[in-house]
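Here's a quick briefing to go with the structure. Have the viewer open while you read, since the points below are grouped by topic.

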Amino acid sequence: MEATGTDEVEKIKSKFMSAWHNMKYSWVLKTKTYFSRNSPVFLLGKCYHFKTEGEYRALHSFQSSSAGVSAEISGNVEEFRKDFISRIWLTYREEFPQIKGSALTTDCGWGCTLRTGQMLLAQGLMLHFLGRAWVWPEALDMDSSDSESWTSSTVRKLTASFEASLTAEREPKMLPRPRRGPARRDWDGTDMRNELYHRKIISWFGDSPLAAFGLHQLIEHGKKSGKAAGDWYGPAVVAHILRKAVEEARDPELQGVTVYVAQDCTVYSSDVIDRQCSFMDSGKAGTKAVIILVPVRLGGERTNTDYLEFVKGILSLEYCVGIIGGRPKQSYYFAGFQDDSLIYMDPHYCQSFVDVSIKDFPLESFHCPSPKKMSFKKMDPSCTIGFYCRTVQDFEKASEEITKMLKSSSKEKYPLFTFVKGHSRDYDFASSPLHEENDLFSEDEKKRLKRFSTEEFVLL
């Protein structure tokens, strides 16, 4: 009975904390984000301009000093909105199945870096299965007023959740939000195929123990590095957890993707190519697409503004899958920029659990209706940068392009990170973790991650 009583107290505490965090963070969706009509906006390699339609037609390309290349204008404000909303947004959730070994049914207050890591991996998978040109056909159906209605419902949700906790009700009584969307009868075969992959990718990130990249699985992988549910996870640790999660994924669709994590700010080209050319689980030889994750520090205690042009250049590349970063004490998923401000998606919004195993589960809460901006100077120096390369040739081309960018943008003696030919073992480093089956990290990695952990974010 005592154990049961303790569980009930923990559940009530969890509900109260979920409601508190929901109220605490809900304002971020209500605040307006302002964009200049005079500067281009970059979103994961796509360039947009918010000038009037007549002026827009006269703009064919824009010379970007940050990217070092001429960037084609992809569209105006409507095209940007559609592209941004189409990115997968993963936030705090509540009332999901209990995390093994704890009483937690929410990640409010501690899971934001895991969520930003999920968003980066989701973008990599979208590039792999859907391509960068894909946009969600129903994106513009989520008009900007949705952020107002979501925020106003937060007060009702807070009250309902707290009352449900006190009355021991299982679910708060909330009126369902009306669903809208264009008729799908006009979709062709390609649209239907893309929508299936769209839903499948989101389902891999569902908040249930069986979801390949869901919170429950990521926490299980994190346990092998000494992390537990409720702990703080930094960008470097999350990078290694994502690598392990992709390695352990059993869905046949995921056998064509691998993840490589840079060692001490160095990408060893032969190690990456070995991963790409490894045998697939089906027994057939073939090359895998690779998502390269590079944990870096953009300065000491504060971000060094000398790195701004490099970060802008990285986000100007279509094969960039974003940055796991944030400001001190909060993790954000950086996906673009305008002038000296970064565009990001914020995971600090507590939403209700969605069962992604049911047919036609609602998609709206997995797409953010409103982008946010933050000055680069406010960015925490610890972050993880991600790239996607479909083939070995794509990787070789990307390594050359990024190396040039690193050299041209670096005012320091040493670049932020480097691409080196050969294997890590050729430089007397520990063997690649690709061959380690019983441990998430090698001893060498554990030492490095211990150092990373002490340098990264502080628990909010």
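Which loop is D360 found in? Look between β12 (351-352) and β13 (372-375), because that is the loop that holds D360. Before going further, keep in mind that this is a predicted model. Below come the backbone oddities, then helix α9, then the salt bridges and the cysteines.

**Positive phi angles**

- D360 has a phi near 55°, which is a positive value in a residue other than glycine.
- Why flag that? Most residues other than glycine have a negative phi.
- As for solvent, D360 is partly exposed, with a relative accessible area of 41%.
- C265 is another one to look at: its phi is near 60°, again positive and again in a residue that isn't glycine.
- You'll find C265 in the loop that runs between β6 (257-261) and β7 (266-268).
- C265 has a relative accessibility of 26%, so it counts as partly exposed.

**Helix α9**

- Helix α9 covers residues 235-248, which makes 14 residues.
- From first C-alpha to last, α9 reaches 20 Å, close to the 20 Å expected at 1.5 Å a residue.
- Is α9 mostly covered or mostly open? It's mostly covered, with twelve of its 14 residues buried.
- The buried set takes in P235, A236, V237, V238, A239, H240, I241, L242, R243, K244, A245 and V246.
- Charged side chains are part of that set too, including R243 and K244.

**Salt bridges around α9**

- Searching the whole structure turns up 15 salt bridges.
- E247 pairs with R243 in one of them, and their closest N and O atoms are 3.3 Å apart.
- E247 and R243 sit four residues apart in helix α9, so about one helical turn separates them.
- How buried or exposed are the two partners? R243 is buried, at a relative accessible area of 1%, whereas E247 is partly exposed at 23%.
- E247 also forms a salt bridge with R275, where the closest N and O atoms are 3.2 Å apart.
- That second pair links two helices: E247 lies in α9 and R275 in α10 (residues 269-276), so the contact ties together parts that are 28 residues apart in sequence.
- R275 counts as buried, because its relative accessibility is 3% and the cut-off for buried is under 20%.
- Zooming out, salt bridges with shared partners join R243, K244, E247, E248, R250 and R275 into one network.

**A salt bridge in α4**

- E78 forms a salt bridge with R81, and here the closest N and O atoms are 3.6 Å apart.
- Both residues belong to helix α4 (residues 77-86); they are three residues apart, so about one helical turn lies between them.
- E78 counts as partly exposed, at 37% relative accessibility.

**Cysteines**

- How many disulfides does the model have? The count comes to zero, with the rule being a pair of cysteine sulfur atoms within 2.5 Å.
- C47 is buried, with a relative accessible area of 1%.
- C320 is buried as well, at 0% relative accessibility.
- C265, the loop residue with the positive phi, is partly exposed.

Conventions: Residues are numbered from 1 along each chain as its sequence is written. This is a predicted model: local features need pLDDT of at least 70, side-chain atom pairs count only at pLDDT 80 or more; totals for chains, interfaces and linings use all residues. Side-chain values use heavy atoms; hydrogens and water are left out. The expected span of a helix is 1.5 Å times one less than its number of residues. Buried means under 20% relative accessible area, exposed over 50%, partly exposed in between (1.4 Å probe, protein chains only). A salt bridge is a side-chain nitrogen of Lys or Arg within 4 Å of a carboxyl oxygen of Asp or Glu.
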